[in-house]
Amino acid sequence: MSRSAHPAGPRHADVLTEGHYTAPPTDLNVLDEKVWAKTVTRNDEGVATVGGIEVTRLAEEFGTPAYFLDEADFRARCRAWADAFGKDADVFYAGKAFLSRAVVKWLHEEGLNLDVCSGGELTTALEAGMPADRIAFHGNNKSQEEIERAVGAGVGRIVLDSFQEIVRVAHTAQRLGTRQRVQIRVTVGVEAHTHEFIATAHEDQKFGIPLAGGQAAEAVRRALRLDGIELIGIHSHIGSQIFDTSGFEVAAHRVVRLLAQIRDEHGVELPEIDLGGGLGIAYTSDDDPREPHDIAKALGEIVTRECEAAKLRTPRISVEPGRAIVGPTAFTLYEVGTIKPLDGLRTYVSVDGGMSDNIRTALYDAEYSVALVSRTSDAAPMLARVVGKHCESGDIVVKDAFLPADLAPGDLIAVPATGAYCRSMASNYNHVLRPPVVAVRDGEARVIVRRETEEDLLRLDVG
Ligand SMILES: *Cc1c(COP(=O)(O)O)cnc(C)c1O
């Protein structure tokens with residue numbers, strides 16, 4: 001696990017043994033539609049295109065590294081989620097996956113709601129015209145200033161995450177002469193089938209109020225007594241990059257049990273439950289994510305069944321996909337700089353970005369795919385590791401991948417499924433400049449987040 005592995009210094013050569021990696025694909029030139037954005041394909045010359053534009057042209061115009069986002073795909077995914085959940089449910093896009101003013105506009109136009117979890121995300125959302133009542137405010141330690149801005153702006157809901165916050169939000173709303181709609185985030189003791197660092201609903205963690213020991217029931221008791229807040233529901237988020245709905249099933253069961261307990265104790269039926277986000281996407285051809293329609297059907301059935309058993313009216317459901325909407329829509333384009341074959345091990349391919357534009361491999365041992373996109377090749381596959389330019393041996397973008405053996409400096413390679421948690425987690429490590437995000441649609445490319453410049457760096461450094 002990366003947490004216990006050397007934060008700096010040489011990594012031991014954890015040489016792959018037979019069976020530790022999947023065999024090379026039969027054709028390295030194929031761009032598997034499962035992992036690439038919808039409009040990505042190769043033209044007759046073998047150059048990959050997105051939205052009808054060759055990556056070679058994009059590299060010339062916008063430079064590398066850069067993220068290219070397929071706007072048509074993003075919008076289609078928004079619509080698929082909205083259609084799947086229909087009128088009796090709400091879809092909130094989790095802004096932390098990737099947020100910009102253009103994205104907020106698309107969400108607005110496609111009828112989605114938006115989760116934010118900081119003052120910065122709230123400002124971006126409001127500035128780009130998202131109506132406040134379609135915004136949910138999250139976070140386990142919202143500052144007093146953030147609470148005042150959220151309440152003052154009139155956000156649709158604040159998701160309360162601690163006993164302190166119940167009082168803070170209630171008092172703030174009262175002082176501002178309003179009544180704030182809130183949900184209480186509970187931890188249901190479910191550990192999603194995913195990496196430890198990104199699983200968030202088992203009880204030994206910082207988010208939410210545990211159902212265990214009656215803590216969540218006590219939080220509800222307190223919230224119902226305060227005039228400044230209107231408790232509209234219970235929130236549960238069980239993790240990330242989840243592929244099956246069994247975790248949600250247990251979570252829904254436990255949340256509904258709490259709703260029944262609230263009815264029995266206080267005589268109120270809370271009208272909403274939020275099941276969070278966390279739906280997985282395909283980072284490699286081995287991943288099999290479920291379609292929004294499937295997920296909506298499964299979650300709807302689970303909640304309906306649990307409520308019937310508890311003799312409760314079925315509450316309005318909301319979900320909060322982040323990765324599942326934006327993740328597959330973008331790829332990162334890099335230029336190959338150096339190539340080092342290490343005999344008997346693998347070939348290190350260095351690109352012009354790295355852990356500053358994709359920290360997920362170092363942070364979560366995340367798996368990615370990679371392809372040569374500026375041309376096709378008939379060369380044999382070579383086992384490669386794609387690494388960045390940072391002063392850190394853990395600076396790995398793609399741990400194990402096959403690339404053609406004739407790969408050369410100057411070739412363009414691309415890593416798909418980098419729309420979520422890459423630009424939004426990007427850093428300036430080594431004073432490397434964060435890459436731009438370029439939206440591509442119908443033959444047109446437009447910068448939506450520009451590349452950082454050295455002037456940007458120096459502006460913060462006041463000397
Ligand atoms: C991170 C997060 C999400 C989104 O998770 P994805 O894995 O991107 O779908 C949704 N809700 C909450 C509360 C979160 O913290």
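Mentor: Before we start, two strands pair here if DSSP finds at least two bridges between them. Strands (E, at least two residues) and helices (H or I, at least four) are DSSP runs, numbered from the N terminus. This is a predicted model, where local features need pLDDT of at least 70 and side-chain atom pairs count only at pLDDT 80 or more, while totals for chains, interfaces and linings use all residues. Residues are numbered from 1 along each chain as its sequence is written, and side-chain values use heavy atoms, with hydrogens and water left out.

Trainee: Thanks! How many bridges join strand β2 to β3?

Mentor: Strand β2 covers residues 48–50 and runs antiparallel to β3. One bridge partnership is that of Thr-49 with Glu-54 in β3. The number of bridges joining β2 to β3 is 2.

Trainee: Which are the edge strands of this open sheet?

Mentor: The sheet has 3 strands with antiparallel pairing, in the order β1-β2-β3. An edge strand pairs on one side only. That describes β1 (41–42) and β3 (53–54).

Trainee: Is Lys-142 buried or exposed?

Mentor: Lys-142 sits in the loop between β7 (135–137) and α5 (144–153). Buried means under 20% relative accessible area, exposed over 50%, and partly exposed in between (1.4 Å probe, protein chains only). Because its relative accessibility is 2%, Lys-142 counts as buried.

Trainee: And which backbone oxygen atoms lie 2.7 Å from a polar atom of its side chain, that of Lys-142?

Mentor: Leaving aside neighbours within four places in sequence, the residues in contact (heavy atoms within 4.5 Å) with Lys-142 include Phe-137, Asp-161, Glu-165 and Val-159. Val-159 has its backbone oxygen 2.7 Å from a polar atom of the Lys-142 side chain, and for Gly-139 the backbone oxygen also lies 2.7 Å from such an atom. So the oxygen atoms you want belong to Val-159 and Gly-139.

Trainee: Why is Cys-422 in no bond with Cys-117?

Mentor: A disulfide is a pair of cysteine sulfur atoms within 2.5 Å, and a search of the whole structure finds 0 of them. Cys-422 counts as buried, at 1% relative accessibility, whereas Cys-117 counts as partly exposed, at 32%. The Cys-422 sulfur has its closest cysteine sulfur in Cys-117, and the reason there is no bond is that they are too far apart, at 17 Å.

Trainee: Lastly, how far apart are the end C-alpha atoms of residues 332–419?

Mentor: UniProt, in an unreviewed entry, places "domain: Orn/DAP/Arg decarboxylase 2 C-terminal" at residues 332–419. The span is 6% helix and 45% strand. Its end C-alpha atoms have a separation of 8 Å.

Technical notes. UniProt positions renumbered as here; feature names shortened; annotations may be inferred. Polar contact = N/O pair within 3.5 Å; in protein donor to acceptor, adjacent residues only side chain to side chain.
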